[in-house]
Amino acid sequence: MREEFISQFGPPLLPLPASLATSRLFLALQLSTRYMAEGIREAAIELFTSPAFVLGVCLSIVVYFSAWLAPEPLFSKALAAALTVRLSLAVGVVEVGQLALSCLRLYEESEAASTPQQVEAAAARFGRSMGGTYLRVLVTVGTLGVARLIPQVPEGGIWRLLPSLTPEGLALAQSVSTAQVVADGSLLVSGVAAGMTACSGLALCAANSSGSTSNGAQKLSTRYGKPHTRQNPPHNEAIEHELAAREAAGHTSMRKNQPQVNEKGTRLFDTNSRASPRFRKPDVSSVRPDGLRHNVNYVSNPKDMKRELDAFEALKRTDPDAIHELYLLDGTLIRRHVPAGVPYP
């Protein structure tokens, strides 16, 4: 399987564990099904009990999804290019990219874990981020070459819940020679028969255009509130995905870019700050099932790091009994505050 994946997608960009079957990544993937939402958990458990399937997913994370995180990734292998276009037509470039970020976070956290609790925490975060569409993409990539070896998904399970890949995507994939995701978030596809095609990375492709506007601009997600900013769609989508994962995990009081509040819903002000305004707006705020408040901010531009770190300290200072986290958009953890005696996650 290892040789097959590398021959199809090229050499991995991440260090490949000597033995995937005994790696912490393998264990974290198996544990992650405990934290997946109702509706996909049954199908996920059936799939993740197969060692062959879990090995396939491990390889897809290390070899394929890691390539999405390289600057302007170029998929020149025939199968990799065809699969990239097929997935992009089915669910959109942004969705595949967000899944790649979740996969990278799982790889980094699990491989860095030194205790079973840390592996469990990595598995929990990954499992809670898995919506139906993400799991479908993960299955599509992970089962390449091993479909005969994995168990059947329960009838009426994940395949009923998730959209099927479009015929247009399959037809286009047959003639693709290269697929490149460029810096502005576009997918460029070239091939002898396909010619040159462009699909906006900030919207779904024309074959699945329910997520885009008529002029090709992105239709920003607003399930949890108005757009964070129209000038930075990836930031807004990261917030929406995080809130969706929390709602699936049983969180309540979902708030998007709203002023910081305490357990009574009263707005909190930073009395130590001379700046105006003297309150903060977490990108994501919710209340865990155990009643603990949990705030998260994202850093889009590294140039803003000092400002974001100051905001993090203000959030923590104003409400030290809550969990506070600061991440880059790629899922890299910058800071985390967990009150003493509080289990995390």
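# Report on the fold and its packing

Strand 8 (residues 323-328) is paired with strand 9 (residues 333-337) in the antiparallel sense, over four bridges. Two strands are taken to pair if DSSP finds at least two bridges between them. Helices (H or I, at least four residues) and strands (E, at least two) are DSSP runs, numbered from the N terminus. The model is predicted, so local features need pLDDT of at least 70 and side-chain atom pairs count only at pLDDT 80 or more, whereas totals for chains, interfaces and linings use all residues. Residues are numbered from 1 along each chain as its sequence is written, and side-chain values use heavy atoms, with hydrogens and water left out.

## Overall composition

The protein chain contains 12 helices and nine strands. Of its 345 residues, 50% are buried; a residue is called buried under 20% relative accessible area, exposed over 50%, and partly exposed in between (1.4 Å probe, protein chains only). Among contacts with a separation of 6 or more in the protein chain, 63% join residues 24 or more positions apart. Contact means heavy atoms within 4.5 Å.

## The five-stranded sheet

Strands of a sheet pair through backbone hydrogen bonds, either parallel or antiparallel. Here, an open sheet of five strands follows the order 5-6-7-8-9, and its pairing is mixed. At its edges are strand 5 (252-256) and strand 9, each of which pairs on one side only. From one strand to the next, the twist averages 10 degrees.

Strand 8 and strand 9 form a hairpin with four residues between them, and Gly 331 in the turn has a positive phi of about 95 degrees. Across this hairpin, Tyr 327 stands opposite Leu 333 in strand 9, and Glu 325 faces Arg 336 in strand 9.

Helix 11 lies across strand 5, strand 6 (284-287), strand 7 (293-299) and strand 8, and runs at about 180 degrees to strand 5. Such angles run from 0 to 180 degrees between N-to-C directions, and axes are lines fitted to C-alpha atoms, for helices over the stretch in contact. Arg 246 belongs to helix 11 (residues 233-248). Not counting residues up to four places away in sequence, Arg 246 touches His 251, Met 254, Val 284, Ser 285, Ser 286, His 294, Asn 295, Val 296 and Glu 325.

## A smaller strand pairing

Strand 1 (residues 74-75) pairs with strand 2 in the antiparallel sense over two bridges, and Leu 74 stands opposite Gln 180 in strand 2. In a regular strand the side chains alternate between the two faces of the sheet. Along strand 2 (residues 178-181), Ala 179 and Val 181 point to one face and are buried, while Thr 178 and Gln 180 point to the other and are not.

## Packing among the helices

Two packed helices are described by the angle between their axes and the distance between the axes. For helix 6 (residues 93-112) and helix 7 (residues 116-129), the axes come within 8 Å and cross at roughly 170 degrees. Helix 6 and helix 7 are therefore roughly antiparallel to each other. Angles under 35 degrees count as roughly parallel, over 145 as roughly antiparallel, 65 to 115 as roughly perpendicular and the rest as oblique. Residues making this contact include Cys 103, Arg 105 and Leu 106 of helix 6, together with Ala 122, Arg 125 and Phe 126 of helix 7.

In helix 2 (residues 24-32), Leu 25, Phe 26, Ala 28, Leu 29, Leu 31 and Ser 32 are buried. These buried residues of helix 2 pack against helix 3 (41-48), helix 4 (51-64), helix 6 and helix 7.

Gly 127 is part of helix 7. Gly 127 and Leu 31 are 96 residues apart in sequence, yet 8.3 Å apart in space, C-alpha to C-alpha. Leaving aside neighbours within four places in sequence, Gly 127 is in contact with Ser 32, Tyr 35 and Met 36.

Gln 98 is located in helix 6. With neighbours within four places in sequence set aside, the contacts of Gln 98 are Tyr 134, Pro 234, Glu 237, Ala 238 and His 241.

## Selected buried residues

| Residue | Relative accessibility |
|---|---|
| Cys 58 | 0% |
| Cys 103 | 1% |
| Arg 246 | 3% |
| Gly 127 | 0% |
| Gln 98 | 14% |

A disulfide is defined as a pair of cysteine sulfur atoms within 2.5 Å. By this rule, the count is zero disulfides.
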